[in-house]
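Student: I'd like a close look at one part of this model, but please tell me how it sits within the whole first. Could you walk me through it?

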Amino acid sequence: MMPKNQNRTSHKSGLAPGSLVHIGDIHHPNTQLTLVNYNQDHWEQRSLPSIDEALKYRDEDSITWVTIEGLADPSIVEFIGEHFNIHPLVQEDILNTNQRPKLEEHEDYLYVVLKSLTPNNDQFDIKYEQVSLIILKNFVFAFKEKTDSLFSLIEKRIEIRHGRIRNMGSDYLMYSLLDIIVDQNFAILDQLDETLAALEDDIFTDPTPQMLEKIHQIKLEVIKMRRYISPVRDLTANLLRNESKIIEPSTHIYLRDVHDHVMRIIESIETHRDILSSLLDIYLSSVSSKLNEVMKILTIFSAIFIPLTFIAGIYGMNFKHMPELDWKWGYPGVWVMFITIATSLYFFFKRKGWV
Amino acid sequence: MMPKNQNRTSHKSGLAPGSLVHIGDIHHPNTQLTLVNYNQDHWEQRSLPSIDEALKYRDEDSITWVTIEGLADPSIVEFIGEHFNIHPLVQEDILNTNQRPKLEEHEDYLYVVLKSLTPNNDQFDIKYEQVSLIILKNFVFAFKEKTDSLFSLIEKRIEIRHGRIRNMGSDYLMYSLLDIIVDQNFAILDQLDETLAALEDDIFTDPTPQMLEKIHQIKLEVIKMRRYISPVRDLTANLLRNESKIIEPSTHIYLRDVHDHVMRIIESIETHRDILSSLLDIYLSSVSSKLNEVMKILTIFSAIFIPLTFIAGIYGMNFKHMPELDWKWGYPGVWVMFITIATSLYFFFKRKGWV
Amino acid sequence: MMPKNQNRTSHKSGLAPGSLVHIGDIHHPNTQLTLVNYNQDHWEQRSLPSIDEALKYRDEDSITWVTIEGLADPSIVEFIGEHFNIHPLVQEDILNTNQRPKLEEHEDYLYVVLKSLTPNNDQFDIKYEQVSLIILKNFVFAFKEKTDSLFSLIEKRIEIRHGRIRNMGSDYLMYSLLDIIVDQNFAILDQLDETLAALEDDIFTDPTPQMLEKIHQIKLEVIKMRRYISPVRDLTANLLRNESKIIEPSTHIYLRDVHDHVMRIIESIETHRDILSSLLDIYLSSVSSKLNEVMKILTIFSAIFIPLTFIAGIYGMNFKHMPELDWKWGYPGVWVMFITIATSLYFFFKRKGWV
Amino acid sequence: MMPKNQNRTSHKSGLAPGSLVHIGDIHHPNTQLTLVNYNQDHWEQRSLPSIDEALKYRDEDSITWVTIEGLADPSIVEFIGEHFNIHPLVQEDILNTNQRPKLEEHEDYLYVVLKSLTPNNDQFDIKYEQVSLIILKNFVFAFKEKTDSLFSLIEKRIEIRHGRIRNMGSDYLMYSLLDIIVDQNFAILDQLDETLAALEDDIFTDPTPQMLEKIHQIKLEVIKMRRYISPVRDLTANLLRNESKIIEPSTHIYLRDVHDHVMRIIESIETHRDILSSLLDIYLSSVSSKLNEVMKILTIFSAIFIPLTFIAGIYGMNFKHMPELDWKWGYPGVWVMFITIATSLYFFFKRKGWV
Amino acid sequence: MMPKNQNRTSHKSGLAPGSLVHIGDIHHPNTQLTLVNYNQDHWEQRSLPSIDEALKYRDEDSITWVTIEGLADPSIVEFIGEHFNIHPLVQEDILNTNQRPKLEEHEDYLYVVLKSLTPNNDQFDIKYEQVSLIILKNFVFAFKEKTDSLFSLIEKRIEIRHGRIRNMGSDYLMYSLLDIIVDQNFAILDQLDETLAALEDDIFTDPTPQMLEKIHQIKLEVIKMRRYISPVRDLTANLLRNESKIIEPSTHIYLRDVHDHVMRIIESIETHRDILSSLLDIYLSSVSSKLNEVMKILTIFSAIFIPLTFIAGIYGMNFKHMPELDWKWGYPGVWVMFITIATSLYFFFKRKGWV
């Protein structure tokens with residue numbers, strides 16, 4: 001099955017730039033807001049009934065991280081845009097879930113958008129979720145399409161003071177979120193490895209058209225995956241080159257680590273594309289090998305019995321004057337002929353390596 | 001069907017550079033002129049009987065946007081060229097509808113030329129229209145081959161003061177026009193998605209040579225589409241790097257948005273090329289699978305009946321001395337042979353997985 | 001047919017660099033010299049009996065354009081080299097007609113070499129001619145392999161004062177010559193379009209091995225064409241970047257125009273390569289489709305008649321005790337069997353979609 | 001067989017960055033520590049019972065090289081990290097054996113990670129081992145997954161004062177280690193050459209599906225090999241550009257030598273990929289050639305005997321009035337027909353070049 | 001046949017860098033030394049009994065060119081290295097005949113290594129010889145693997161004062177040597193052209209598996225050739241950019257000429273790769289066309305005679321009650337049926353275009 005409606009900006013193409021409308025599938029009618037506020041000494045996590053409660057943290061000397069899950073309500077994005085001075089086009093991009101992964105550097109904040117890929121258990125069928133991050137000096141907004149536990153590990157780490165996260169700024173939080181999203185891809189690639197290994201064994205033992213269909217489906221998924229991952233390389237490379245005041249020099253080494261992971265993922269995807277095209281070659285040539293085998297059997301049967309049938313046909317003729325028919329050893333003689341011809345043809349095919 | 005006469009500059013190759021002749025299909029014998037004049041406080045839209053009426057807006061402190069639909073009359077381009085100081089080669093390029101998309105920066109104006117792609121309803125058959133824009137400080141000329149409603153949404157937006165367009169300069173108007181033209185491609189890509197999904201299902205269920213022809217036609221369209229879109233990437237990238245006084249810094253973020261859309265479109269086209277070549281592989285291997293099936297049936301029939309026919313032939317021989325013929329159980333015995341051979345061959349083929 | 005002897009420098013590889021010998025096919029034993037001298041007020045065109053007559057124009061304040069048609073006589077090149085201070089290696093390159101298109105900037109002159117491609121009427125078979133240009137401040141030498149009317153349009157334009165050519169320098173003359181040579185390719189591409197469109201129709205209706213041969217031949221021509229055009233991109237790009245005193249700033253926009261045309265030609269060639277490989281795919285799969293059809297007919301005939309022949313064979317056996325043979329309705333009964341088997345197999349194949 | 005679990009970072013994706021856990025297969029439960037200390041006058045090599053004994057060499061004026069074989073014990077890495085001021089992320093990377101080859105430049109040290117490839121004797125099945133190097137001014141730590149004799153040649157060279165190694169710094173030691181690791185690939189490529197040469201001969205004489213499987217396996221190995229070698233090019237190029245105080249100018253020429261070797265290896269891998277795809281083409285077309293041969297034999301047998309059988313069938317008919325049956329020369333006449341038809345068909349096929 | 005042992009550095013991988021051992025095939029057990037000494041006024045050429053005789057020319061004010069043919073004796077390289085201050089790694093590279101073509105710029109000299117390709121007469125089988133050049137201000141050392149007449153033309157040119165060589169420095173001599181080596185490739189490409197043209201004709205008339213093998217062999221040769229030529233592009237480009245004091249500005253134009261030749265050779269190689277893959281496509285589809293033809297003949301024979309044989313079988317049945325058998329015109333009637341069926345099937349196949 002082909003991916004559907006990947007390009008849905010088109011439904012909006014009549015609107016003026018900057019009109020806030022959610023574009024994409026609505027996964028959740030309600031929007032869920034979670035706020036985490038922390039610094040070295042202090043920690044607080046709570047569910048927000050409405051976005052305006054986040055405002056009072058604006059001027060505090062701590063890191064505030066607000067996760068917005070569900071994009072059905074544009075007014076939340078609008079509210080944040082207004083009070084944190086976010087450019088209208090960025091607001092629009094957050095609500096349009098068909099973005100290319102990218103980094104935008106604005107005067108007071110960074111805007112990062114990328115896709116979170118989640119594997120499905122049984123089939124090689126990936127779920128895509130767009131995650132937008134707005135990183136200010138002491139605030140991080142994370143916009144997600146769905147309610148899931150993607151970031152719960154980081155919430156935990158902040159809570160239990162695990163690692164350095166409590167001692168560092170919003171840039172390190174951004175890094176942690178990127179790291180979680182990027183590393184999910186390794187699980188998908190592991191699953192892809194297993195799927196391909198199983199498929200390979202099947203193709204060598206018994207190729208069926210279903211496998212062709214499966215190769216095609218995996219190919220489409222890999223193409224789609226590559227499409228969403230390869231711009232992330234530019235994203236992280238740009239973060240590394242970035243000289244905005246939001247990113248501290250000490251965070252650079254962590255971002256380089258994410259960049260390395262992205263490179264590994266992209267190389268692995270390229271490797272899998274090569275393997276898939278190799279599998280297709282094998283499938284095709286297994287099919288021709290099978291055709292060859294079928295044809296050999298047909299040829300052996302035909303080539304052995306057609307001459308014999310002809311001989312039988314000869315002595316089935318009704319000519320008056322056929323001396324052989326009256327010979328005493330005529331019939332056994334014909335059998336000798338039958339057996340001689342059949343065995344010599346058998347050995348002829350054996351010498352050719354067909355039987 | 002192959003695209004015809006894409007390269008028609010050749011018909012002009014004998015003329016001196018700068019001779020104004022319209023090159024390309026004539027879609028409209030008449031030229032239609034529409035003028036929109038606006039600033040923050042004022043708005044006016046009217047049809048112009050002739051191009052010289054546009055002149056009186058030249059020195060006004062407002063944005064004037066003139067749309068010229070139909071290129072059959074070179075004198076309009078010549079008139080504009082003379083009064084707005086447009087280089088003769090630019091005039092020539094406007095009239096030649098076989099241009100590559102490009103941006104040219106001149107001292108007082110920018111010249112932008114690109115293709116507007118409109119989907120056709122039923123078939124995947126795209127209509128191409130060349131749009132040339134000349135952007136001066138307070139004037140925008142838009143030259144189109146045909147009369148259609150491509151820009152009517154922007155006219156509406158200016159009229160009803162929707163968005164920021166009334167507060168901004170000619171560069172923002174240029175952005176709005178580019179945005180409309182670029183975003184049309186998303187509709188085409190959606191349609192392409194649907195066409196490919198339908199084709200894919202058909203190929204897996206019953207591949208016919210018509211599908212091959214369809215794959216080929218879509219391929220040609222995608223090649224053509226890519227040819228007209230991929231230079232737009234350079235165009236928008238050049239706009240972003242551009243330091244002309246016509247483009248205000250505040251418009252940069254909007255141009256970056258268009259550039260992102262172009263990038264998404266190009267990536268999507270590349271994805272579709274991959275999918276098309278995958279579909280071709282599937283078509284080809286579906287055809288070989290069918291051949292395999294045909295050959296199996298032939299082989300099963302031949303391999304079962306040829307030996308039986310041979311046996312029947314034996315007892316059709318007219319030898320005098322054939323003891324079996326006189327046996328009481330000869331005929332039933334032969335039937336036992338027939339059934340034994342047929343069933344054992346049947347099980348042989350069943351074990352091979354052919355039946 | 002493969003292109004022959006493309007690399008003939010080898011015949012000279014023993015000579016010292018700078019030895020003047022003509023390398024390449026000799027198209028004309030005689031060399032024809034044409035001189036055009038012009039400025040804003042004055043025009044003169046004449047055939048030169050020998051090259052030394054060109055010398056007297058050397059210090060005049062007008063543009064002198066000498067066309068040398070036919071390269072059989074190295075002494076002409078040597079004479080020009082000596083009196084206009086042309087580097088020996090350039091002289092050598094002019095006489096060797098296996099050059100890559102290139103631009104060389106020397107202190108007092110530019111050296112441009114490229115291929116002029118002329119279509120042949122009937123077949124898609126291109127004629128290649130090497131054109132070398134030496135552009136000095138007030139002199140242009142054009143060296144051609146053959147006598148033809150390639151530049152006659154420009155001679156005409158100078159004579160009748162058409163366009164700006166009489167008001168401009170030797171750089172504009174160079175541009176005019178390049179423009180004529182480059183734009184010839186559009187005619188070839190139009191012809192290629194038509195050839196491919198015809199071939200495509202033929203392949204879909206009735207693929208023959210001759211078409212394969214034709215695809216191959218066109219491919220070779222396109223490969224060759226690309227080989228001679230793609231370095232021209234660098235040539236024109238270098239001209240645009242060039243800061244020599246010979247090229248006036250006002251000529252830049254014209255050179256950019258030529259560069260755009262070269263880009264369009266290269267993109268068109270790439271498109272045609274894609275189309276050719278798509279045509280090959282279609283040819284191959286049309287051939288397999290035909291094989292499939294042949295096999296279906298064979299299978300239908302065999303599968304229907306082989307069982308029937310077997311049944312006829314049964315009742316052709318000569319067993320004494322075959323009760324069916326004595327039945328009154330035996331013979332009609334066998335016919336009922338024949339018809340039943342044949343029709344049910346027919347419907348079996350119909351259900352499979354083979355008939 | 002597909003490579004398994006190449007992407008195993010995923011198992012760690014829940015941990016905070018900087019948590020030290022060994023990721024990868026554990027090849028050795030115990031860790032073995034070897035220390036070599038040398039300068040121009042002095043040499044010492046010994047096995048360390050625990051890593052803290054290395055500390056006392058820290059401030060000495062000699063080169064100390066510690067090899068850590070086996071990564072099961074993270075506390076060793078942690079100890080080194082603490083006392084030599086190694087960044088936590090580097091410590092983490094050392095323990096994770098799924099790294100891309102890379103160079104990281106830190107303030108006081110360089111971190112180099114790459115894969116050592118060891119050929120297996122019989123099959124083309126490469127063993128991969130990750131080697132991490134930390135190069136300080138007078139210390140080099142080499143972390144290896146396994147205990148093997150990879151570096152024993154360099155230990156020997158230091159001991160017996162062979163070459164310049166005793167006179168030079170830790171950068172030259174790094175070069176020596178890189179050189180050993182990179183040059184191992186030549187042995188693998190030699191083995192690959194031999195395997196491909198043998199495979200090629202086999203394919204031309206008798207292609208079997210096993211060869212297809214072998215081509216596929218070698219392809220997977222080459223893809224994997226390329227994946228681990230191609231980033232080494234960037235690594236060595238970065239070393240050459242590197243301006244850290246650790247690398248002396250005099251070592252540059254040695255590093256350039258390693259870089260050249262890496263380039264040769266990568267080019268050789270690309271060549272082998274080309275050869276592999278050429279072998280696949282040959283395999284496929286050998287299979288079709290065989291099918292052709294099979295079909296020819298079938299066609300010859302069928303086409304010769306089917307008409308003969310028909311003629312025999314005619315004279316097997318039981319019509320009352322068949323004059324031929326009573327002719328004296330009827331039977332010999334039929335034999336003449338048989339032989340005439342058979343020989344003329346034989347010559348027909350001979351003329352076609354089938355027999 | 002696969003190229004053997006291309007990567008033989010591995011045999012040395014245990015040695016310390018800088019150990020002088022000859023690696024590669026030994027073509028000549030003896031080393032032959034030739035010295036040419038010249039300036040504008042003077043010329044001398046002689047065979048040297050041992051390398052130390054070259055020393056006395058070291059401080060003379062003339063160009064000395066020493067050719068060392070045969071690399072079996074490392075002491076010669078060592079001697080030169082010592083007295084002309086050549087870096088040990090360069091000495092090592094000279095003796096290892098598996099180098100990539102490269103340029104190394106050292107303080108007092110340039111080191112150039114590349115492959116000389118010599119065509120073999122009959123087959124397309126190229127001989128490779130490594131040539132290393134060391135260019136000092138007034139000395140040139142040329143190291144060759146074999147004794148041949150590669151450079152004899154240049155020796156001649158120096159002797160008879162042909163061209164400028166006697167007036168110029170060691171850089172011009174280097175250019176002359178490079179030029180000879182590079183231009184040899186044109187002869188190989190001409191030979192390749194002829195081989196491919198012949199092969200192409202053969203494939204279209206009668207494709208045999210031997211041609212496939214030949215395509216494969218030529219492909220391997222072209223891959224190998226490309227591998228040794230494509231780094232020469234970087235080599236000559238680096239020479240052009242080079243600012244060492246050894247290369248005079250006046251030599252630049254000559255080096256640019258060599259660079260152009262290398263570019264032409266590389267483009268020609270790429271063209272030949274395209275042609276080869278096109279030939280493979282044609283071979284494969286010629287094979288399928290032949291299969292098609294075989295199948296058509298089989299189908300025509302089978303489809304015509306199988307129904308006829310069935311009819312003959314019917315009237316061979318022994319039913320008591322078969323009225324047709326007793327009809328007077330039964331037998332001729334059957335013949336009418338035979339002929340009617342055969343001719344209508346014949347016309348059916350004719351209409352399909354099979355006969």
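Tutor: Sure, one term to begin with: accessible areas come from the Shrake-Rupley method with a 1.4 Å probe, and for residues only the protein chains shown count as cover. For chain A, that surface comes to about 13700 Å², and 52% of it belongs to carbon and sulfur atoms.

Some ground rules: this is a predicted model, where local features need pLDDT of at least 70 and side-chain atom pairs count only at pLDDT 80 or more, while totals for chains, interfaces and linings use all residues. Residues are numbered from 1 along each chain as its sequence is written, chains are lettered from A and ligands numbered from 1 in the order in which they are written, and side-chain values use heavy atoms, leaving out hydrogens and water.

Let's stay with chain A for a moment. Its secondary structure comes to 8 helices and 7 strands; these are DSSP runs, helices being H or I with at least four residues and strands E with at least two, numbered from the N terminus. The C-alpha atoms fill a box of roughly 120 × 45 × 35 Å along the principal axes. The radius of gyration of chain A (taken over C-alpha atoms) is 34 Å. A compact globule of 355 residues would have one near 20 Å, going by the rule of 2.2 Å times the number of residues to the power 0.38. Still, 61% of the 355 residues count as buried, meaning under 20% relative accessible area, with exposed over 50% and partly exposed in between (1.4 Å probe, protein chains only).

Now, how does chain D relate to chain A? A rotation of 72° with 0.1 Å of shift along its axis superposes chain D on chain A, with an RMSD of 0.1 Å; the fit is by least squares on the C-alpha atoms of residues with pLDDT of at least 70 in both. The two copies are thus related as by a five-fold rotation axis. The C-alpha of chain D nearest that axis belongs to D:Gly316, at 4.6 Å.

Not every pair of chains touches. No contact (heavy atoms within 4.5 Å) joins chain C and chain D, and their closest C-alpha atoms lie 9 Å apart.

Here's the close look: helix 1 of chain D, residues 74-84. Its buried residues are D:Ile76, D:Val77, D:Phe79, D:Ile80, D:Gly81 and D:Phe84. Their cover includes strand 1 (32-38), strand 3 (63-69), helix 2 (88-95) and strand 7 (139-144) of chain D. Just after helix 1, D:Asn85 takes a positive phi of about 60°.

For a strand residue to set beside the helix, try D:Leu117, which is in strand 5 (residues 110-118) of chain D. D:Leu117 counts as buried because its relative accessibility is 0%. Leaving out residues up to four places away in sequence, D:Leu117 touches D:Ile126, D:Lys127, D:Tyr128, D:Gln184, D:Asn185, D:Ile188, D:Met225 and D:Ile229. D:Leu117 and D:Ala187 are 70 residues apart in sequence, yet 9.6 Å apart in space, C-alpha to C-alpha.
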